[in-house]
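Student: Could you give me a close look at the surroundings of the ligand, please? Once that is clear, I would like to see how the rest of the picture is laid out around it.

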Amino acid sequence: MAEPIIRFSGVTKSFGDNSVYEGLDLEIHRGETLTIIGGSGVGKSVCLKMLIGLMVPDAGTIHAFGQSVTELGDQGLISLRSRIAMLFQGAALFDSMSVEDNIKYPLIEHNWGTPGEMNKRVSEVLEMVDMPGIQKLKPAELSGGMRKRVGLARSIAIKPEVILYDEPTTGLDPVNVRRINGLILSLQERLGVTSIVVTHDMDTVFTITDRLALVYEKRIAFAGTPDEARNHDLMYLREFIQGGRGTLDIDF
Amino acid sequence: MNGFRELLVSVGEISALTVASVRELFKRPFESRLIVHQLEQGGYDSWSITVLAAGFTGMVLSLQFAIGLEPFGASMYTGKLVSLGIVRELGPVLTALLVGGRVGSGYTAEIGSMNVTEQVDAIRALGADPVRKLVMPRVVAMTIALPLLTIMADIVGCLSGAFITMLEVGVTFRFVFDQMTETLWVVDLLHGLSKSVFFGYLIGVIGCWNGLRTFGGTEGVGIATTRTVVYISIAILVSDFALTRIFLAIYG
Ligand SMILES: Nc1ncnc2c1ncn2[C@@H]1O[C@H](COP(=O)(O)OP(=O)(O)OP(=O)(O)O)[C@@H](O)[C@H]1O
Ligand SMILES: [Mg+2]
């Protein structure tokens, strides 16, 4: 397999007495879709945030595109964040700004171009997430699913190579879930982006995943294909996957 | 002992935030639009509360002095004392306490809710800097606005004081007014305004600092907001004593 574009090695992270990771190892390859699963509060969001330098690990290294994330300066981090975008758990739209200004935010920060070019890009990405013409709305006027899609539009505005999705479908109705999954797939197929998707939704896992990784006992306990996961010895993993598929007959 | 360590850590964090804000202030392009917006929101919108507080303070102070000095046959000096008290002490401090409660808690609530909804993380993920976008404009705006509000408080306080003095002591308005302008020197004004510059900075920086370290959802925002009002009030009262001592040594 090709050289991974992202690699966590031996990462540890704790908040005060609360230890979240003790030796996190994970590799991500160009163009793949990796899903990260695990119980609530095990540190899935923390893992994504460390990757783009929003949180700093206590020890260990994180490499992205051959650079050590923890050693990047301010400028280095800004350019890393133009290549790796993140869709936050609650979409994290700026409440005080219209949809248009939200999407323009990264464009302005990264000097995208003239106001005309920016407007064009805003309509383009809104088109891509299937919500054309809502430029003037405020986030408060949008439903949960729409907010996630606007958040996604904002994340892809500056054409990142890697997109991190933090629970993109949690709390959405089945139609929106399918729509978002479709978007993740089409971004990967059409634009060749690498996707890392944190999710609780096993349907999402099995629709979009190339590989899945399980966060368990303060590290990545398993990383591999869905088929490998189904036949893995780790019972927690099998339960996790089957539980999500609604199967109750766990055989011991 | 624990409280003392916490205090030291807080002072350290606030100092670091100050340094970071000052650095952003000198980076181009200058974020004048954000600063102006904050001047309107925190500064301009605080004029009514300032006028109200200063007006009644001037009045009650005159009342107390006029009656209190009577037994010594000194009520003629009411105007002198009132103007000194307002310009040196009550104008700056009362304005700072009121505006601090109103604006400082607003800063914490706003930035705190942005923090718990990951909007602060989003600012960084989109290639910008929360200190530049959120903290610096607010600190600068308060540092500019509070002295201006204090000047207004001084004027309103002295005039309303003069009015009550006229009624209570039975002198002409002209007499009290001349007495006040003779009493007050530029140094008195400087004394008061120097303090209010520092108070303005304190309100901005403590409000933002508490916002940025807010955690624990909406409940956390409530806790942080209350805490800000307490911290700002204590900081103003304590630093007022220290600054007064220093300025009395400088200006006499
Ligand atoms: N800023 C922070 N300060 C202190 N503790 C934190 C912070 N962020 C996360 N934590 C802690 O780290 C742990 C992992 O949090 P994280 O948000 O990564 O969980 P998660 O796996 O994303 O859970 P969920 O599925 O609920 O989103 C939790 O115990 C949380 O309390
Ligand atoms: Mg999470």
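**Around ligand 1**

Tutor: Happy to. A good place to begin is the backbone of A:K44, where one of its polar atoms lies 2.8 Å from an oxygen atom of ligand 1. Please keep in mind as we go that this is a predicted model. A:G43 makes a similar kind of approach, with a polar backbone atom 2.9 Å from an oxygen atom of the ligand. With A:H200 we turn to a side chain: an N or O atom there is 3.2 Å from an oxygen atom of ligand 1. As for how much of the ligand is covered, it has 630 Å² of accessible area on its own, and the protein covers 62% of this. Two elements of chain A, β2 (18-28) and α1 (44-51), give two or more residues each to the shell around ligand 1.

Let us stay with that shell for a moment. There are 14 residues around the ligand, and those that come nearest are A:G41, A:G43, A:K44, A:S45 and A:V46. You have already met two of these, A:G43 and A:K44, through their polar backbone atoms. The largest share of the shell comes from α1(A), which gives 3 residues. Sorted by class, the shell has 7 polar, 5 nonpolar and 2 charged residues.

Strand β2 deserves a second look, and a charged pair takes us there. Side chains of opposite charge can pair when their charged atoms come close. Here A:E27 and A:R7 form a salt bridge, and their closest N and O atoms are 3.0 Å apart. A:E27 sits in β2 and A:R7 in strand β1 (residues 6-15), both of chain A, so that the pair links distant parts of the chain, 20 residues apart. Over all chains, the structure holds 23 salt bridges.

Next, follow chain A to its backbone geometry. Most residues other than glycine have a negative phi, and most peptide bonds are trans. A:A92 has a positive phi of about 50°, although it is not a glycine. You will find A:A92 in the loop between β6 and α3 (99-109) of chain A.

Strand β6 comes up again at a cavity that has residues of both chains in its lining. This is the second largest cavity, with a volume of about 50 Å³. From chain A its lining takes A:R81, A:A85, A:M86, A:P106, A:H110, A:R154, A:S155 and A:I158, and from chain B it takes B:A125 and B:L126. β6 (84-87) and α5 (144-156) of chain A are the elements that give two or more residues to this lining. Its residues divide into 6 nonpolar, 2 polar and 2 charged.

That brings us over to chain B, which has 9 helices and 0 strands. Its C-alpha trace spans about 70 × 45 × 35 Å along the principal axes. Between α1 and α2 (32-43) of chain B there is a loop, and B:P29 lies in it. The peptide bond that joins B:R28 and B:P29 is cis, with omega about -10°.

The helix just before that loop takes us to the second largest pocket, where α1(B) gives the most to the lining, with 7 residues. In all, 18 residues line this pocket, and B:L7, B:V11, B:I206, B:Y231 and B:A235 lie nearest its centre. At least two lining residues come from each of α1 (2-25), α8 (186-212) and α9 (217-251) of chain B. The pocket holds about 490 Å³ of space, and its lining has 13 nonpolar, 4 polar and 1 charged residues.

One last stop is also in chain B. The whole structure has 3 cavities of 30 Å³ or more, and the largest cavity contains about 60 Å³ of space. Among the residues that line it are B:T50, B:A53, B:I86, B:L90 and B:A153. Two or more lining residues come from each of α3 (47-69) and α4 (78-116) of chain B, with the largest share, 5 residues, from α4(B). By class, this lining has 6 nonpolar and 4 polar residues, and no charged ones.

Notes. Residues numbered from 1 in each chain as written. Chains lettered and ligands numbered in written order. Predicted model: local features only at pLDDT ≥ 70, side-chain atom pairs only at ≥ 80, totals over all residues. Heavy atoms only, no water. 1 Å grid on protein atoms, 1.4 Å probe; cavity = no way out; pocket = protein on both sides within 12 Å on 5 of 7 lines; lining within 4 Å. Points joined across faces, edges and corners; volume = space filled by probe spheres on them. Helix = DSSP H or I, 4+ residues; strand = E, 2+ residues; numbered from the N terminus. Nonpolar A, V, L, I, M, F, W, Y, C, P; charged D, E, K, R; others polar. Near = heavy atom within 4 Å. Polar contact = N/O pair within 3.5 Å; in protein donor to acceptor, adjacent residues only side chain to side chain. Areas by Shrake-Rupley, 256 points an atom, 1.4 Å probe, with all protein chains shown as cover. Salt bridge = Lys/Arg side-chain N within 4 Å of Asp/Glu carboxyl O.
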